[in-house]
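The exercises below ask for a careful reading of a pocket and of the molecules bound in a structure. Please work through each task before turning to the solution beneath it.

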Amino acid sequence: MWFSVAHEDSSKNVSPQKRGKVVIISGPSGVGKGTLVKRLISESSFPLVLSVSATTRPPRPGEVNGRDYWFISRDEFLEKRANGEFLESFEVYEGGALYGTLRETVETQIRQGKWVLLEIDVKGALCVMKELPESLSVFILPPSLEALKERLLNRGTEKGEDLSRRLEQAEKEISFNKFYKERIVNDNLDKAFEELVKVLASYN
Ligand code: ADP
Ligand code: 5GP
């Protein structure tokens, strides 16, 4: 399979390109995954690259197509899914938008020796863990459900039903943390960031 085959050309006397890795990051909405991931990419020295997922949800103010997500229509998403273009894809919130990891994006970056970060939900993560058991999986926990609610309210990107749906799902998602290789509580952001860097360094 593409992820376990060493990328090596023994016919030439050159050092083989070291294959990359997959790092899965999950946690309930509002826990700080995006914040931690942005910091990791800008401040750490690992060859990290964020896998840009496809979604049918509309962009939030400031989000850029191709940087934050590939924002596509439901029809386009279903066509890609039928063509086997997703490594995993799910309706993250019941009755809500579809999200999926593009297989091609991950494969290309792994071949280039990158550490591909997948910031995905628990269902997608379980799928990837099964297909790529050597991947590193990290679950980000909130210090409490109250703190999580406060962060989501402060972020202010979801309202009404959208917000309550995310909060309702948080407890269910948190119960999946046991399936991950590592767990980090994001109480103090600097401390959580340091822990994440340590976990990644031990995966080197
Ligand atoms: P996620 O990507 O998990 O949905 P975000 O990274 O968007 O979450 O963070 C949600 C909100 O919480 C943002 O407004 C962010 O600035 C804030 N936040 C992140 N980490 C902390 C922390 N340790 N303490 C307080 N607020 C935080
Ligand atoms: P948001 O709408 O806040 O950007 O993301 C909502 C949730 O969808 C988050 O838990 C995020 O991790 C998850 N998500 C984002 N991209 C993907 C993806 O490609 N696959 C899956 N399964 N979940 C994703």
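Three exercises with worked solutions follow, and they concern a predicted model.

**Exercise 1. The largest pocket**

Describe the largest pocket by its volume, by the residues closest to its centre, and by the helices and strands that supply its lining.

Solution. Begin with the volume, which for the largest pocket is about 1100 Å³. Next, turn to the lining, which is made up of 39 residues, those closest to the centre of the pocket being Gly 34, Arg 60, Tyr 69, Glu 119 and Arg 155. Then assign the lining to secondary structure: at least two residues each come from helix 1 (33-43), strand 5 (86-91), strand 6 (98-102), helix 5 (145-155) and helix 6 (160-174). Of the contributions to this lining, that of helix 1 is the most, with 6 residues. Finally, sort the lining by residue class, which gives 14 charged, 13 nonpolar and 12 polar residues.

**Exercise 2. The surroundings of ligand 2**

Locate ligand 2 and set out the residues that come nearest to it, the polar contacts that it makes, and how much of its accessible area the protein covers.

Solution. The first step is the location, and ligand 2 is found to sit in the largest pocket. The second step is the shell of 16 residues around ligand 2, in which Ser 53, Arg 57, Tyr 69, Tyr 99 and Asp 121 come nearest. Strand 6 gives the most to this shell, with 3 residues, and the division by class is 7 charged, 5 nonpolar and 4 polar residues.

The third step takes the polar contacts one at a time. On the side-chain side, a polar atom of Arg 57 lies 2.7 Å from an oxygen atom of ligand 2, while a polar side-chain atom of Glu 88 is placed 2.7 Å from a nitrogen atom of the ligand. The backbone also takes part, since a polar backbone atom of Thr 101 is 3.3 Å from an oxygen atom of ligand 2. As the last step, consider the accessible area that ligand 2 has on its own, 510 Å², of which the protein covers 95%.

**Exercise 3. The surroundings of ligand 1**

Carry out the corresponding analysis for ligand 1, and state which helices supply at least two residues of its shell.

Solution. Start again with the location: the space taken by ligand 1 is the largest pocket. Proceed to the shell, where 14 residues surround ligand 1 and the closest are Gly 30, Thr 35, Arg 155, Asn 186 and Asp 187. Helix 1 and helix 5 each supply at least two residues of this shell, and helix 1 gives the most, with 3 residues. By class, the shell around ligand 1 consists of 6 polar, 5 charged and 3 nonpolar residues.

Now examine the polar contacts. A side-chain N or O atom of Arg 155 is 2.8 Å from an oxygen atom of ligand 1, and a polar side-chain atom of Arg 151 lies 3.3 Å from a nitrogen atom of the ligand. For Asp 187, a polar backbone atom is 2.8 Å from a nitrogen atom of ligand 1. To finish, note that ligand 1 taken alone exposes 570 Å², and that the protein buries 72% of that area.

Methods: Residues numbered from 1 in each chain as written. Chains lettered and ligands numbered in written order. Predicted model: local features only at pLDDT ≥ 70, side-chain atom pairs only at ≥ 80, totals over all residues. Heavy atoms only, no water. 1 Å grid on protein atoms, 1.4 Å probe; cavity = no way out; pocket = protein on both sides within 12 Å on 5 of 7 lines; lining within 4 Å. Points joined across faces, edges and corners; volume = space filled by probe spheres on them. Helix = DSSP H or I, 4+ residues; strand = E, 2+ residues; numbered from the N terminus. Nonpolar A, V, L, I, M, F, W, Y, C, P; charged D, E, K, R; others polar. Near = heavy atom within 4 Å. Polar contact = N/O pair within 3.5 Å; in protein donor to acceptor, adjacent residues only side chain to side chain. Areas by Shrake-Rupley, 256 points an atom, 1.4 Å probe, with all protein chains shown as cover. Sits in = over half its atoms within 2 Å of the grid points.
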